[in-house]
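Here's a quick walk through one protein model, written with a computational chemist in mind. Have a look at the sequence and the coordinates before reading on.

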Amino acid sequence: GDEAGGNLAAPHPLAPLRRLVREQLLQGVEPSANLAAILTVYFVQGSLGLASLATTLYLKDELHLSAAQVAALGGLFAAPWIFKPLYGFVTDSFLLFGSRRRGYLALAGLTASAAYAALATGLPSASATTGTVVLGSLAIAVSDVVADAMVVENVRALAGSGAHAEGGPTADPTAEAKADKETALSGTLQSLCWGSRAVGSLASSYASGALVQSLGVQAVFGLAAVLPLA
């Protein structure tokens with residue numbers, strides 16, 4: 001009996017680190033594989049700003065488009081984001097590779113990576129470049145929809161288990177209290193997601209100019225191709 005009790009009482013060697021990550025970095029949310037996947041998606045979305053400057057310079061310097069033409073194409077590049085509700089309907093209604101979330105997330109990552117890899121080869125025409133950039137934008141928009149859905153699912157799961165901040169797992173009998181907990185968790189997770197995206201955006205903003213100058217536009221596209229595979 002004493003030996004069994006001693007085994008149960010022995011702390012996990014990584015417990016202090018896990019507690020530090022939960023309380024200092026994750027605002028009390030329990031670390032998990034799903035949370036890591038969500039934050040990675042948002043970080044990649046922010047860091048893909050790395051390719052924005054490269055795209056503009058490629059269109060102007062290599063394909064010799066005017067500033068007005070480049071500005072007009074910028075609106076076209078953003079067009080896939082208008083249809084996010086449609087992507088949400090599709091991913092909620094149809095399984096892909098036996099999954100409602102991870103299959104779409106994997107396909108979106110591979111598609112975005114392929115698009116940037118194609119840009120890294122130096123596409124010869126404005127139409128080919130435009131189509132490829134739009135395809136990459138579509139893939140990132142789909143991954144954003146899937147990540148948002150995963151946030152909602154995580155909120156419900158965490159609210160049901162009570163695995164958040166102080167107190168640990170609890171069995172809450174009231175629907176009102178559960179709704180309050182979901183609201184608080186939703187705000188916390190959204191804050192973490194936006195923070196992760198902001199870190200990626202800041203990093204790419206500071207690095208993009210130097211990387212384009214030192215490596216060249218096509219090499220930067222090659223680096224961007226690696227990010228969606230994370």
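Helix axes here are lines fitted to C-alpha atoms over the stretch in contact, and angles between N-to-C directions run from 0 to 180 degrees. Helices themselves are DSSP runs (H or I, at least four residues), strands are E runs of at least two, and both are numbered from the N terminus.

## Ground rules

This is a predicted model, so to speak of local features takes pLDDT of at least 70, and side-chain atom pairs count only at pLDDT 80 or more, while totals for chains, interfaces and linings use all residues. Numbering starts from 1 along each chain as its sequence is written, and side-chain values use heavy atoms, with hydrogens and water left out.

## The overall fold

What does the protein chain have in the way of helices and strands? The count is ten helices and zero strands, and reading along the sequence gives α-α-α-α-α-α-α-α-α-α.

Of the 230 residues, 38% are buried, where buried means under 20% relative accessible area, exposed means over 50%, and partly exposed is anything in between (1.4 Å probe, protein chains only). The chain exposes about 12400 Å², with carbon and sulfur atoms supplying 65% of that; the areas come from the Shrake-Rupley method with a 1.4 Å probe, and for residues only the protein chains shown count as cover. Contacts (heavy atoms within 4.5 Å) have a long reach in sequence: among those between residues at least 6 apart, 75% join residues at least 24 apart.

## H4 against H5

Helix H4 (residues 50-62) and helix H5 (residues 67-78) have axes that come within 11 Å and cross at roughly 140°. That makes the pair oblique, given that angles under 35 degrees count as roughly parallel, over 145 as roughly antiparallel, 65 to 115 as roughly perpendicular, and the rest as oblique. The crossing is right-handed, meaning the near helix is turned clockwise from the far one by less than a right angle; anticlockwise would be left-handed.

On the H4 side, Thr55, Thr56, Leu59 and Lys60 do the touching, and they meet Val70, Leu73 and Phe77 of H5. Sorted by class, this contact has four nonpolar, two polar and one charged residues. The classes go like this: Ala, Val, Leu, Ile, Met, Phe, Trp, Tyr, Cys and Pro are nonpolar, Asp, Glu, Lys and Arg are charged, and the others, Gly among them, are polar.

## H10 and its partners

H4 also packs on H10, at an angle of about 145° with the axes 9 Å apart, and this crossing is left-handed. H4 brings Leu50, Ala51, Ala54, Thr55, Leu57 and Tyr58, while H10 answers with Val217, Val220, Phe221, Leu223 and Ala224. That contact splits into ten nonpolar, one polar and no charged residues.

Helix H7 (residues 102-120) meets helix H10 (residues 217-226) at about 165°, with axes 8 Å apart, and the two are therefore roughly antiparallel. H7 passes H10 in a left-handed crossing. Ser113, Tyr116, Ala117, Leu119 and Ala120 of H7 touch Gln218, Phe221, Gly222, Ala224 and Ala225 of H10, a set with seven nonpolar, three polar and no charged residues.

## Three residues inside helices

Is Thr129, in helix H8 (residues 126-161), buried or exposed? At 1% relative accessibility, Thr129 counts as buried. Leaving out residues up to four places away in sequence, Thr129 touches Tyr58, Leu59, Leu63, Leu119 and Leu123. The C-alpha atoms of Thr129 and Leu119 are 6.9 Å apart, with their positions ten residues apart along the chain.

Ser47 sits in helix H3 (residues 33-47) and is buried too, at 7% relative accessible area. With the same sequence cut-off, Ser47 touches Gly200, Ser201, Ser204 and Leu227. Ala207, in helix H9 (residues 175-215), is partly exposed at 27%, and its C-alpha lies 7.4 Å from that of Leu50, 157 residues away along the chain.

## Two loop residues with positive phi

Most residues other than glycine have a negative phi. His64 has a positive phi of about 60°; His64 is in the loop between H4 and H5 and counts as exposed at 62% relative accessibility.

Phe97 has a phi near 55°. Phe97 belongs to the loop between helix H6 (84-93) and H7, and is exposed with a relative accessible area of 68%.
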